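This report describes a single chain, organised by its strands, aromatic contacts, a helix, a pocket and selected loop positions. The sequence and the structure are shown first.

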Amino acid sequence: MEAIRSKRYRTILKKIPAKGLGREFKRSDLLDHLETEEVKVADNFLRKMRDLSVLEQMPSEGAGWYRFTSELHFLYFLVESIRSQLTQSE
């Protein structure tokens, strides 16, 4: 669970709902919304989130598709994303 405490990984997790990617998203769409440094760790991020059962691959949709394993995971990071945006605007 230390990986989810990583600031970089938490930032990526918050970007998924913040950028409108939804509970299901394609890797390439995620990469389009990441900073250069985040792109460098994106594959490690996806692998770690799969290992922790936060995300799962969706082979039925084709290569590169992922989804949150739980609606609660997605909602949590959506709320965190909104909270971050509100704090930055104050």
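Which residue stands opposite Trp 65 in β3? The residue opposite Trp 65 is Lys 26. The model is a predicted one, and the sections below take up its parts in turn.

## Strand pairing

Strand β3 covers residues 65-68 and has two pairing partners. Strand β1, residues 24-26, pairs with β3 in the antiparallel sense over three bridges. Strand β2, residues 55-57, also pairs with β3 in the antiparallel sense, over three bridges. On the side of β2, Glu 56 is the residue that stands opposite Arg 67 in β3.

The faces of β3 divide by cover. Tyr 66 and Phe 68 make up the covered face, whereas Trp 65 and Arg 67 make up the uncovered one. The two β3 residues named above as standing opposite Lys 26 and Glu 56 thus belong to the uncovered face.

## Aromatic contacts

Five aromatic pairs are counted in the model. One of the pairs, Phe 25 with Tyr 66, is stacked, with 6.1 Å from centre to centre and 20 degrees between the planes. This pair links distant parts of the chain, since Phe 25 lies in strand β1 and Tyr 66 in strand β3, 41 residues apart. Both Phe 25 and Tyr 66 are buried.

A single aromatic cluster is formed by Phe 25, Tyr 66, Phe 68 and Phe 74. Of these, Tyr 66 and Phe 68 have already appeared on the covered face of β3.

## Helix α2

Helix α2 runs over residues 7-18. Does its length agree or disagree with the span expected at 1.5 Å a residue? The twelve residues should span 16 Å, and the end C-alpha atoms are 16 Å apart, so the model agrees with the expectation.

The buried residues of α2 are Tyr 9, Ile 12, Leu 13, Lys 14, Lys 15, Ile 16 and Pro 17. An α-helix has 3.6 residues a turn, so residues three or four places apart point the same way. Just after α2, Gly 20 adopts a positive phi of about 75 degrees.

## The largest pocket

The largest pocket holds about 230 Å³ of space. Which helix gives the largest share of its lining? Helix α2 does, with six residues. Helix α5, residues 71-89, is the other element named alongside α2 as supplying at least two lining residues.

The lining consists of Lys 7, Arg 10, Thr 11, Lys 14, Lys 15, Ala 18, Lys 19, Ser 81, Ser 84, Gln 85 and Gln 88. By class, the lining has five charged, five polar and one nonpolar residue. Two of its members, Lys 14 and Lys 15, also appear among the buried residues of α2.

## Selected loop and helix positions

Leu 34 is placed in the loop between α3 (27-32) and α4. Its relative accessibility is 10%, and Leu 34 therefore counts as buried, the cut-off being under 20%. Leu 34 and Lys 15 are 19 residues apart in sequence, and their C-alpha atoms are 7.9 Å apart in space.

Ser 53 lies in the loop between α4 (36-51) and β2. The phi of Ser 53 is near 65 degrees, a positive value in a residue other than glycine. Because its relative accessibility is 45%, Ser 53 counts as partly exposed. In the loop between β2 and β3 is Gly 62, which is likewise partly exposed, with a relative accessible area of 28%. Gly 62 and Lys 26 are 36 residues apart in sequence and 9.3 Å apart in space, C-alpha to C-alpha.

Glu 71 belongs to helix α5 and is partly exposed, with a relative accessible area of 38%. From Glu 71 to Asp 51 the separation is 20 residues in sequence and 18 Å in space, C-alpha to C-alpha.

How values were computed. Residues numbered from 1 in each chain as written. Predicted model: local features only at pLDDT ≥ 70, side-chain atom pairs only at ≥ 80, totals over all residues. Heavy atoms only, no water. Helix = DSSP H or I, 4+ residues; strand = E, 2+ residues; numbered from the N terminus. Expected span 1.5 Å × (residues − 1). Buried < 20%, exposed > 50% of the residue type's maximum accessible area, 1.4 Å probe, protein only. 1 Å grid on protein atoms, 1.4 Å probe; cavity = no way out; pocket = protein on both sides within 12 Å on 5 of 7 lines; lining within 4 Å. Points joined across faces, edges and corners; volume = space filled by probe spheres on them. Nonpolar A, V, L, I, M, F, W, Y, C, P; charged D, E, K, R; others polar. Pairing = 2+ DSSP bridges. Phe/Tyr/Trp six-rings, centres within 6.5 Å; stacked < 30°, edge-to-face > 60°.
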